[in-house]
Amino acid sequence: MTRALTPSNLREALSLLGEDPGLVPMAGCTDLMVTDPVERVELPAVLDLTRVRELRGIRRGKEALEIGATTTFSEIGSSADVEELFPALARAARVIGGWQIQNRATLGGNIANASPAGDSLPVLLVLDATLVAASTNGERRIPYTEFHVGYRRTALEPSELIDRVSLPIPVPGSVQAFRKVGTREAQAISKVVVAMLGRVEEGKLADYRLAAGSVAPTPVRLAEVEDSIRGRSVGEETASLAGSLARAAVKPIDDVRSTATYRAFALERVVRRLTLQLI
Amino acid sequence: MLFGATVRSPIPHARIDTIRWQPEKAPAGAFCLTALDLPGPNGVLLLNDDWPILADNEVRHVGEPVALVAAASRLDARRALAAVEVEYTPLDSVLDLSEADPENPLAVIQLEHGDVERALGASDVVVEGEYRTGHQEHIYIECQAMTAWYEPDGALVVKGSMQCPYYVHKALVHALELPPERVRAEATVVGGGFGGKEDYPSLIALHAALLAKATGRPVRIAYDRHEDIVGTTKRHPSVIRHVTGIDEQGQLMAMDVDLLLDGGSYTTLTPVVLSRAALHAGGVYRCPNVRIRARALRTNTATNGAFRGFGAPEAEFAVERQMDRVARAMGLDPLEIRLRNVLEEGDELPTGQVLDDTTSARLCLEKAAALTDFRRRWSELEEERRQRADGEPMRGLGLSAFFHGAGFTGNGERRMRSPVKVALREDGRIEVFTAMIDMGQGSAVVFPQIACEAGGLTEDDLVFAEPDTARVPDSGPTVASRTTMVIGRVLAEAIAETVELVQAWWRGTKDLEEDLTVAEGAVQSPDGSSWTWREVAASYVKEKGSLEVSRRYEPPAWQQLDEETYQGVAYPTYGWGADVVEVEVDPDTLEVKAQKVTAVCEVGKAIHPTLCAGQIEGGTLQAVSWGLMEEVKMEEGRYLNDRLATYIIPTIGDSPEIEVHLLEQPYEGGPFGAKGVGELPMDGGAPAALAAVENATGIWADEIPATPERLTAWQEAGDVVESIAGEATKRSSSED
Ligand SMILES: Cc1cc2nc3c(=O)[nH]c(=O)nc-3n(C[C@H](O)[C@H](O)[C@H](O)COP(=O)(O)OP(=O)(O)OC[C@H]3O[C@@H](n4cnc5c(N)ncnc54)[C@H](O)[C@@H]3O)c2cc1C
């Protein structure tokens, strides 16, 4: 039998977690529910975050948009602010699972679950997100590029909760792109997922950011590719180069969903396509 | 009630050295049973009894049952599994057809019509192709489940999800060595079957029954999805080689087909699946010289069994793709090659059966082509492919033509002479007794409809008995597209006979001169008097006692198949179809989206057009997804994708629009002209989908599922249509 604790505010939640860092936080439960159905692992005790109102919601500020950890993908996918400022995130939100999953699944859960295939994670990487973690000791701001430290390992401490994600509002003229290659149209885990942000000034890529999922043990920001592409003129040549550099930068694996060869192939083609579409 | 669970082999092939039950490690009161505890023969009786109830000395596939446990709850039963320690010595294993021993087959069928060697030598062009299909999971909504108990009088009852109560009954009688009247198998409402509830329920029923016998308590075993995927039967993988000889006019001269099925580890129903595969291997084409060599081989994988279509989809996938290959070689379009060769009335099948006027292959093809403007659009898309600019979506159209023998193969129906019983009840209702199961296909709707029509009754005048072997006669299994066509017909006859007897008696008692009519539940005389059916029938029972009418199916005398030579008449009639599949392929990732299927099926008579179209929609979707996405992945004989998150079936978002067109060429042997329809739509979707991918991408696809992973590999390897066209030209010119 699993014990469930249901704090009604953040302070209570953090102190419960502070007392027992073994508690498993639970938001939409869409990942926890399916934790190895074969081995049928039983969770010792869960900390239900769904009643902690401070953790939920989208707030638009001057410099950044903040999204609370337990905000669902349905909320993100239908937010006018997200659509306007972060269309790549809106698109990701709308292809996670299916409608039923989006109604429950949360951004914080997607982040903490830290699957290399998590669809929102490459988007957060290219948006230069900052993750705000909270514990009884206060808040800690973690650049998102430093959050995923290894296969399913993150910079979050057991005594911390993800509180929110802060997304700096992009420079005008930035274009975002997102593409998921899944096993089917819905309820599909990504074989490859790519997020991109670019800004063209006088025919050249003044900004170019690229991240991908399902091609490495963690979602990855492909900084070397970005460095080689930034400053180049937009067009077929640059796009093809970006694709082949991206392919060379990762070492995907064979698994039950796809093959290493296909992942590399699809990554190259998608990066090329999205780069072409940045104009 | 106790709950049962199954200890399964983790190894594809091994000797069992010891099985140790350690009750101290199990929840209190748990119980364990192994092959040593069986009261009778250790075999599930189907066609053969080589399928062990529990592995004895040796396991032959991953997931094979080795021991059973029972405990007070599902969770306790699961925990008790850990208290069974099994030691194995691994043995060499055969994991797929490429490793299987052709000299030790599970079944072999050979048939030859004409002289293939000579005709190949005389052909203008010879085209060779090899085609592969993979496993398919049934993914019925309801997993396998069974409950067994002993009645106070000692009779054994097994109740659960099954298509064939009398198969289960037979297996229980055999293994528990009980007199048939001491065993009852009862089907619950069945949440989907697709063939998966044909063979396997016998095994799980035996498991539940053996635990019930050993513990003296009712025992329930219900698999979760994971166990269902790992443990139960699947569609047979196949490797099928075609060598086809064609003359200059594009007429088939010779077909040489070498067909291999992966039977898995035990016989189960494989010989009959192989037989149906062989009988459909030539497709819907006229060819004077045909040789079909079909073998089912053993591998160390779960036993493969019945799955909608029963070998025909595998065989027709290969022949349809081969026809596309022939078309490429001859420079003809896919419609033209088919129209030049399609079977018509008076043509012979490879069995020598001369086709009658219910042969509709051409009708279906022409209709499907007209509805989709196939020829023009296919050619335009060929052109579009050659001209396409980077990044434009790749669109394609594919065609297939197919048929499906209705009812049991060969002499099966003659051996069974399936009975239906009807009986008048005191309240005047007619109670109908058949062993047929509604597993979603709609026999619970169609049977009353047939009975009402045959007898002039209303549904209120009828009662259908639950399919319980203690009450219903053995009217055979709910398989082979036979329920409506075969049993529906016998039902119509039995009802008509009952109504006739009762109305004749009524006329006598009323001293009426002329015949009475029975319509819509009312008995009417020409003088205008009218009675309800039920009052008339109730008086019959009151005056004369109950009335029972039993009727048996008599297949047409001319349905005789020589089981040695495979010459004769394998099926009394065939359903016919043609599919046009339209796909869009992503130019970057080669992801395939089936957008529309136009399915034209000739079904004899659509008794219930909505349900009939529903069968065709469902079967078509199952066929297209078998062709494009469904894949059982294995490593060292273990399933890698044993859950619905990884065994990919289509969501509604993946499902194409399916436009069904029903054509009717009545078959006089079926009720009101109906032919079987359940499996027909499974035969055409996969080859048409791959043909559409070919039209869109130029990739020559000869293996299913044609996943993006495979498509990219083929593209990189240069398996494209240009290479096929070139290959055939070379061959023909070198022979000149
Ligand atoms: C059918 C199905 C389809 C799916 N499809 C997709 C898909 O397409 N793309 C995709 O990316 N994912 C998919 N998922 C996975 C899942 O829905 C997402 O990862 C989702 O975002 C998880 O959010 P949740 O709120 O449900 O997390 P939960 O299951 O509640 O938790 C997940 C993990 O995060 C931890 N956690 C949750 N909130 C916090 C917090 N605030 N602070 C610290 N730790 C926290 C939990 O302890 C747990 O370890 C799918 C899942 C299912 C069942």
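**Exercise 1. Identify the partner of B:Asp390 in its salt bridge with chain A, and then describe the interface of chain B and chain A.**

Solution. In this predicted model, the first step is to look at the side chain of B:Asp390, which forms a salt bridge with A:Arg273, the closest N and O atoms lying 2.9 Å apart. The second step is to count such pairs over the interface of chain B and chain A, where the rule finds 7 salt bridges, while 12 residue pairs, both members at pLDDT 80 or more, are in polar contact. The third step turns to the elements of chain B: helix H1 (74–81) and helix H17 (708–717) each give at least two residues to the side that touches chain A, and the largest share, 5 residues, comes from H17(B). Sorted by class, this side of chain B comprises 9 nonpolar, 9 polar and 13 charged residues.

The last step concerns extent and area. Contact involves 31 residues of chain B and 27 residues of chain A, and the two chains bury about 2300 Å² between them, of which 47% is on carbon and sulfur atoms. Of the area that chain B buries against chain A, 24% is supplied by B:Asp588, B:Arg643 and B:Glu709, more than by any other three residues.

**Exercise 2. Work out how domain 1 of chain B and domain 3 of chain B meet, beginning from the domain assignment.**

Solution. First, the assignment divides chain B into domain 1 (2–93 + 138–231), domain 2 (238–409 + 563–735) and domain 3 (418–552). Second, the centres of domain 1 of chain B and domain 3 of chain B, taken over C-alpha atoms, are separated by 39 Å, and their contact draws on 16 residues from domain 1 of chain B and 15 residues from domain 3 of chain B. Third, these two domains bury about 1300 Å² between them, 60% of it on carbon and sulfur atoms; B:Gln163, B:Tyr166 and B:Arg184 supply 44% of the area that domain 1 of chain B buries here, more than any other three residues.

Fourth, the polar component can be examined: the rule finds 1 salt bridge across this interface, and the side chains of B:Asp468 and B:Arg184 meet in a salt bridge at 2.9 Å, N to O. There are also 7 residue pairs in polar contact between the two domains, both residues at pLDDT 80 or more. On the side of domain 1 of chain B that touches domain 3 of chain B, helix H3 (165–176) and strand E11 (183–187) each supply at least two residues, with E11(B) giving the largest share, 5 residues.

**Exercise 3. Describe the contact between domain 1 of chain A and domain 2 of chain A.**

Solution. The assignment for chain A gives domain 1 (3–113 + 128–168) and domain 2 (175–276), whose C-alpha centres lie 25 Å apart. Together they bury about 1100 Å², with 54% of it on carbon and sulfur atoms. Turning to charge pairs, the count between these domains is 2 salt bridges, and A:Arg221 and A:Asp128 meet in a salt bridge at 2.8 Å, N to O.

**Exercise 4. Decide which residues of chain B call for caution, given where pLDDT stays under 50.**

Solution. Chain B averages a pLDDT of 96, and 99% of its residues score at least 70. Over residues 729–736 of chain B, however, pLDDT stays under 50. Where pLDDT is low, the predicted coordinates should not be read in detail.

Notes
Residues are numbered from 1 along each chain as its sequence is written. Chains are lettered from A and ligands numbered from 1 in the order in which they are written. Side-chain values use heavy atoms; hydrogens and water are left out. Domain bounds come from an automatic or database domain assignment. Contact means heavy atoms within 4.5 Å. Buried area is the accessible area (1.4 Å probe) that two parts lose on being put together, summed over both. A salt bridge is a side-chain nitrogen of Lys or Arg within 4 Å of a carboxyl oxygen of Asp or Glu. A polar contact is a pair of N or O atoms within 3.5 Å; within protein, one must be able to donate a hydrogen and the other to accept it, and residues adjacent in sequence count only if both atoms are side-chain atoms. Helices (H or I, at least four residues) and strands (E, at least two) are DSSP runs, numbered from the N terminus. pLDDT is the predictor's confidence in each residue, from 0 to 100. Ala, Val, Leu, Ile, Met, Phe, Trp, Tyr, Cys and Pro count as nonpolar, Asp, Glu, Lys and Arg as charged, and the others, Gly among them, as polar.
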